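Visitor: I am new to this structure and would love a close look at a single part of it. Could you take me through the aromatic residues and what surrounds them?

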Amino acid sequence: MTLKFHNTLTNQVDEFASQNNGKVTIYTCGPTVYDYPHIGNWASYIYWDVLIRILMANDYEVNRVINITDVGHLTSDADEGEDKLEKGAKREGKTAWEIAAFYTEDFMNGMRSLGMIMPQHIAKATDYIPQQLDMIRKLKNKGFTYRISDGIYFETSKFTRYADFAHLKLGSQMAGARVEFNPEKHNNSDFALWKFTPTGEKRDMEWATPADLLDNNSRSDLERSKITEESVPKGEQIVMGFPGWHIECSAIIMALLGETIDIHTGGIDHIPVHHTNEIAQSEAINNVRLSNYWLHSNHLKINGSKISKSLGNGYRLDDLAKKGFSPLDYRMFILQGHYRNEGNFTFEGLQSAKNRLHNWRNIAALRHQIHDTIQSDNARNTNNKTISPYATSRAIIEAIDDDLGTPEALRIIDEAFSSISNARITNINQQALINLLDTIDSTLGLQLIGSTPDISDDLKRIIIERNHARAQKDWSKSDKLRDQLLSAGIIIRDTNSEVIWEYKD
RNA sequence: GGCGCGUUGACGGAACGGUUACGUGGAGCUCUGCAAAAGCUUAUAAAUGGGUUCGACUCCCAUACGUGCCUCCA
């Protein structure tokens, strides 16, 4: 059983090996908290949640960071335009801090509703301003930065591997002329590490720029300045500013996980700009690889066209809820596809996933209807051909081990469930079923056990009464009791030998 | 202009050079007190045209259509 992931670094499926035996450090680029996430955003977090779960299933101790971008993400990655947070604040008549707090909370609620495992660290960019400034200082001292009128920039031409990660062709790339050219930048691919607040403006989020970062000469004396306003020499104007988008990830990784991490995840759109820049910043300073494995999820389309916040066509979890679909229905929908394939969202597809999940829940509910004793379980184990829980659990984990093969895992589960549902209930080993459900829940996070409570004693009594009525061929009483159960949300199936209840919804 | 991806049955969606994916939905049959469920059966599946091969949905080339990145966006 080996874990394998497609690694953007090598462009192939690599066997996974962590730096420290049994431990994994992992960083996921998190949301920019200026608006509600759409379902495409959630798709990738669902896949990364499965990644965490399969690492845990392989007995790794996971140390994971998700960052919250609450400052500095401009409306354009080319370092033009407005800060998204400040823009959101204007839109809603709040401060940028209020906007960040509100949407951060919303994000966390979404994580919970989708059944995600919470990361060990949720790191807000604004909590790591000193660390970001410190990185900029290090870059400056190594000669990777320059200052122009609106900020401090990273000089990409000095990082010779810059184009390698994304296989960029920097020369021909800009031929489309869609990009605004900042004439002060040395290279088009150069990006802002620190932006200055424009003169006369007051931002909700801004910090004093340390004086030593402002001069154009590199200083080797790191101790010379502290990140306080006092560091600005008397008589000089304090220049306020804020971090560029990319530096936060490098700084947070360094602060919480170290110079080299095991796995870095994000969407494919991050490859050419954000992750390329992260690598440049971090590796320019540390001279070691930033991450050994880079996993990127493909995008989800909606009805065949791309989702874009700027186009405003993205459904949110709320929109699905209004049409009667739960977050876990959506989770099932996403797990049906592979994270590296482009998905296409339709409500038909979501309905199909919802039905599948519902059927799975009714299999899970069978565990309440089996009354095994330990002895009888042991007796059954010897000739129980209906379910081999150990083999099935193993097969599920192996499927996911292989580059997060969730569609294959679902197929295996369907096979196992279909043999369970074909079996007579007395032939199902209760503990085996529970173990299997547990494997499914722990690897796929579908909460089969949590979402399938036993029915009440009252309902059980009605079922028994109905069984008596049927035995006496009192069909009218039997049917009446069946209707009663139905109105309580319970469907009754009479098989040849037994009576099984299922959830209606 | 540069770089890339996709095209599988009603819908979603996998694997694999030679075997029924699987799920959801439709139709028919069996079973059944009725129903439900289940089982079985079923619908011209691989965009098109070439090539490689004993054999291709699976590899190669071309064409068509769609789509992504090179602004924002997972």
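Guide: Here is a walk through the aromatic residues, their pairs and the cores they belong to. Please keep in mind that this is a predicted model.

Let us begin with the whole structure, where a search finds 25 aromatic pairs. One of them is made by Phe333 and Phe345, whose ring centres are 5.4 Å apart and whose planes stand at 75°, so this pair is edge-to-face. The pair links distant parts of the chain: Phe333 belongs to helix α10 (residues 327-335), while Phe345 belongs to strand β15 (residues 343-345), and the two are twelve residues apart. Both Phe333 and Phe345 are buried.

These two rings also have company. Phe333 and Phe345 form one aromatic cluster together with Tyr315, Phe325, Tyr330 and Phe347.

From that cluster, Tyr330 is a good residue to follow next. The largest nonpolar core has 127 residues, and Tyr330 is listed with Leu55, Ile263 and Phe417 as touching the most other members. The helix α1 gives the most to this core, with twelve residues. Leaving aside residues up to four places away in sequence, Tyr330 touches Ile39, Gly40, Trp42, Ala43, Ile46, Leu114, Leu300, Leu317, Leu320, Phe345 and Leu350. Phe345 therefore turns up twice in our walk: as the edge-to-face partner of Phe333, and as a contact of Tyr330.

There is also a second, separate core, made of eleven residues, and among them are Ala365, Leu485, Trp501 and Tyr503. Trp501 and Tyr503 form an aromatic pair of their own, which is edge-to-face, with 5.4 Å from centre to centre and 80° between the planes. Both Trp501 and Tyr503 are buried.

Aromatic rings can have charged neighbours too, and two places are worth a stop. At Phe242, the charged end of Arg203 sits over the ring, 3.4 Å from its centre. At Phe102, Lys94 lies over the face of the ring, at 4.9 Å from the ring centre.

To finish, here is a contrast with the buried rings. Asn11 lies in the loop between β1 (4-7) and β2 (12-15), and it counts as exposed because its relative accessibility is 56%. Asp59, in the loop between α1 (39-57) and β4 (61-68), counts as exposed as well, at 67% relative accessibility. Most residues other than glycine have a negative phi. Asn11, however, has a positive phi of about 60°, and Asp59 also has a positive value, near 65°.

Definitions and conventions
Residues numbered from 1 in each chain as written. Chains lettered and ligands numbered in written order. Predicted model: local features only at pLDDT ≥ 70, side-chain atom pairs only at ≥ 80, totals over all residues. Heavy atoms only, no water. Phe/Tyr/Trp six-rings, centres within 6.5 Å; stacked < 30°, edge-to-face > 60°. Helix = DSSP H or I, 4+ residues; strand = E, 2+ residues; numbered from the N terminus. Buried < 20%, exposed > 50% of the residue type's maximum accessible area, 1.4 Å probe, protein only. Lys NZ or Arg CZ within 6 Å of the ring centre and 35° of its normal. Core = buried A, V, L, I, M, F, W, Y, C linked by side-chain atoms within 4.5 Å. Contact = heavy atoms within 4.5 Å.
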